[in-house]
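Please read the following report with the sequence and the model side by side, and find each named part in the picture as you come to it.

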Amino acid sequence: MTAVPLPPEAVPGVSAVEHAGVFRRLLKDPTGVVSLAFLVLTVLAGVFAPVLAPHDPDKASAADILAKPGGRYLLGADGSGHDILSRLLYAIRPTLEGAVLAVLVAAAIGVTAGLISGYYGRWFAGAASWVASLLMALPGIVVLLAARAVIGPSLFGAMTIFGILIAPAFYRVVHAAVSGVRQELYVDAARVSGLSDARIISRHILTVVRAPAIILAANLAGIAIAIEAGLDFLGLGDLSRPTWGGMLNDAFTNIYSAPLQLLWPSLAIGLTCMALALLGNALRDELERSGTPKRRRRAKRAPATVSVQREPVITHDEIAGSAGEELLLVRELAVGYDQPNGSVQTVVEDVSLTVRRGEVHGLIGESGSGKTQTAFAIMRLLPPGGRIVAGDINFAGVDLARGSEKEMTRLRGARIAYVPQEPMSNLDPSFTIGHQLTEPIRVSLGVGRAEARARALQLLERVGIPDPPRTFAAYPHQISGGMAQRVLIAGAVSCNPDLLIADEPTTALDVTVQAEVLDLLRDLQAEFQMGVLLVTHNFGVVADLCDRVSVMRAGRIVETGPVRSVFADPRHPYTKSLFDAIPEDSQPRGPLLTKETP
Amino acid sequence: MTGRLLEVDKLIVEYPAGGFGRKQPFRALNGVSLDIRPGETVGLVGESGSGKTTLGRAVLGLAPVTGGAIRYNGRDISQLSRSKRRELSSEIQVVFQDPYTSLNPALTIEQILTEPLTIRKVAKAEATSRVRELLDQVRLPADAGSRLPREFSGGQRQRIAIARALALDPRLIVCDEPVSALDLSTQARVLALFKEIQERTGVAYLFVSHDLAVVRLLSHRVAVMHRGEIVEWGDGDQVTARPQHPYTRTLFLAAPVPDPVAQAERRAERQRLKAALTTN
């Protein structure tokens, strides 16, 4: 390998870091603003109730029993002659205090237990989740009723117990978040950096827990208010002070004489609970939008709009006698993705290639070069939003670029087969290997169950699986990655396809397994006289298997030709730079020279 | 013992079997011994499940050592408590394989790089200038500090991970497949950076990789692992060019070379070797 100069790398200017707080973004969300404003007003009204309330909430006036709204009493007076508005306002503070207490108790227990069990695991996790399940199984209202019998009609006592009862909600959420992040390498890196557990938790773990915990707190506060009102309505609360639930109870007894009175406490309870729930949702939307950006898959990362000038593709001379039947003819293919702003981002442009029967065509390039997109376009399996923008794909007389979906379904599997990169994620874990192999054989070839089974066993043996009946009956998790790839290859060739598209078929495998899978592909290709389009980033794999190679960069083919010719004489500067970067033919570094070993 | 920075002596690592009952624990390392001299790169090659990553994690104190010893400068570090282990953090550092999960997505590059410094109680101004120095060492622009990891490509993230490892001037860095997630040309640049840093600072590497070519390029000495044991161990050119152990030879021949003519020969040789192994 030649020495590669190391200039400072330019970082693509994305944007100033979006450090704008969640709070500020929440203010741009209408739901967030309205619910937050309502809650702030409620809190203020509760705090300043003594100032705002027009009457003493406890002053009953026999003359004003069930007074109509308006006049002296804005919302009327209740069955005992209390002013409803004043009682509503005075009830805010204890209601909110109770809800806050319940949430705090729940959070203190649940978050702590979740952190410990998620981070350290072991026996504590087992014990904690057992206790959590037990608490969740307890019927809350029954426990609260029993508690009231013991501790009397205390709001704060009841809310403390309710907080304990809902602690499992916090525990579950926090435990899941922590044990997920515990596996991240950056936590290991922090340990190696010498951070103490307390520091790792506060720095790396709490940030992950914060968002779901806040959302949950908002929702639980709403539930706590509803439970409080429920207890008071049943007359189990503190009767000495005004409460929303108690007012509801009073209104309920007068429902025939003054039905309107039911409305005010209902509105107070309903709106507060709703505001809390909506605030929780708005928070979730904002936090999830930017808190942890979704990691983009490497293969999917499209290059910024392809703006390479149209340069001619460097084509090497054909070797005489390589003219087989042209199975697949791709002409000036372009693939684009629809953007939200209506434009189309092109990821593959002006790609032309030919795959002949009995020939392996390698498509090589780095991540984002569009090689996988090209392969998916040929099968018409582009991810949502992607489509063929221009060009023809001619496969045995059919134009795949314009064929109907029905036509494609008939071709895929039967005449065009596919071998994916990740063997494990392409097998359904809930079905046996045998089921997954025989199903397509029966559909495509129209044969019976017994015949399909016989053919599948024969194929498994053909792809070098040691004990076919055992693998046939096995589930995907019971076999190794190499075996899984053999199974998928068996499935791919099961219907005697004309064209095999293999997308990095050996990338996920160990080198020794890779060598065997490459041998297998070579043998099968010769046996079935298939044309193969092999997508890879590995020059060794191309050298091993391919007859012809096309080098892709930024959505275009820059150089194409017979493998031996391209490898012996790469002409495009990009191809040359790739060859230079290969460590394969590097010199060994030699032993370390020290003073002791002159 | 002089001239030995790290000595791994008959190391055994066992992971307890999950579930109930007295299941046999899984033995990931079975009596592994090797040593690293100051300023040296020791390559560790093997396939998945061979135990190479476990050995790296054991050196870092992240794997349960059940037998044998790991001596750093003559002192056994295999059974250290967490607080004793923390004192070693300025001596032994790590660069992980996956540059996407080894950086906390919520922290800026500067926060990531100052993390190891803050526990050393380095003053803020000093830490900031150290960050600039580190970014310069790994050839990233000085303004990279205020950005988030997601704004960087895979190769650039790996440079950030290298900068974090260098922050405390360690004497040994465990590199766990540090280039296998990178594209070919990026990989070449990151490897060159590893080499350049070693030549300048004299840090030693335990370089774990499944790619024999990458290991050969960087390693002074190479150990080949297979099923939790070292099957071959010696000078880099000896092990990677003239392997003695049949497994090393299989491994060596299995990696396809980017030359169609040479690869055809290797393929024939590998099939001969395989046939010889199966008939014996």
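## A residue at the end of a helix

In this predicted model, Arg182(A) has 17 C-beta neighbours inside 10 Å and therefore counts as partly exposed. Arg182(A) belongs to helix 7 of chain A, which covers residues 155-182. If residues up to four places away in sequence are left aside, Arg182(A) touches Gly118(A), Tyr119(A) and Val187(A). One of these partners, Tyr119(A), lies 63 residues apart from Arg182(A) along the chain, yet the C-alpha atoms of the two are separated by 6.3 Å.

## Chain A as a whole

Chain A contains 21 helices and 11 strands. Its radius of gyration is 35 Å, whereas the globule rule gives 25 Å for 598 residues, so chain A is more spread out than a compact globule. Along the principal axes, the C-alpha atoms of chain A fill a box of roughly 115 × 75 × 50 Å. Of the 598 residues in chain A, 41% are buried. Among the contacts in chain A with a separation of 6 or more, 71% join residues that are 24 or more positions apart.

## Two helices, one from each chain

The table sets out helix 17 of chain A and helix 6 of chain B, with the span expected at 1.5 Å a residue.

| Helix | Number of residues | Expected span | Distance between end C-alpha atoms |
|---|---|---|---|
| Helix 17 of chain A | 13 residues | 18 Å | 19 Å |
| Helix 6 of chain B | 18 residues | 26 Å | 26 Å |

How many of the 13 residues of helix 17 of chain A are buried? The count is 12 of the 13, so helix 17 of chain A is largely enclosed by the rest of the structure. The buried residues of this helix include Gly482(A), Met483(A), Arg486(A), Leu488(A) and Val493(A). Their cover includes strand 7, helix 14, helix 15, helix 16, strand 8 and helix 18 of chain A.

In helix 6 of chain B, the buried residues are Leu184(B), Thr186(B), Gln187(B), Ala188(B), Arg189(B), Val190(B), Leu191(B) and Phe194(B). What covers these residues includes helix 21 (573-581) of chain A, together with helix 5, strand 8 and helix 7 of chain B. Helix 6 of chain B is followed by Gly202(B), which has a positive phi near 75°.

## Where the chains meet

The contact between the chains takes 72 residues from chain B and 57 residues from chain A. On the side of chain B that touches chain A, the largest share, eight residues, comes from helix 6 of chain B. By class, the residues on this side of chain B divide into 32 nonpolar, 20 polar and 20 charged.

## A pair of crossing helices in chain B

Helix 3 (residues 109-118) and helix 4 (residues 124-137) of chain B have axes that come within 10 Å and cross at roughly 115°, and the crossing of these two helices is right-handed. Glu110(B), Leu113(B), Thr114(B) and Leu117(B) in helix 3 of chain B meet Ala127(B), Arg130(B), Val131(B) and Leu134(B) in helix 4 of chain B. This contact has five nonpolar, one polar and two charged residues. As general background to such a pattern, an α-helix has 3.6 residues a turn, so residues three or four places apart point the same way.

Definitions and conventions:
Residues numbered from 1 in each chain as written. Chains lettered and ligands numbered in written order. Predicted model: local features only at pLDDT ≥ 70, side-chain atom pairs only at ≥ 80, totals over all residues. Axes fitted to C-alpha atoms, helices over the stretch in contact; angles between N-to-C directions. Helix = DSSP H or I, 4+ residues; strand = E, 2+ residues; numbered from the N terminus. Left-handed = near helix turned anticlockwise from the far one by under 90°. Contact = placed C-beta atoms within 7 Å. Nonpolar A, V, L, I, M, F, W, Y, C, P; charged D, E, K, R; others polar. Expected span 1.5 Å × (residues − 1). Buried ≥ 20, exposed ≤ 12 C-beta atoms within 10 Å, placed from the backbone. Rg over C-alpha atoms; globule rule 2.2 N^0.38 Å.
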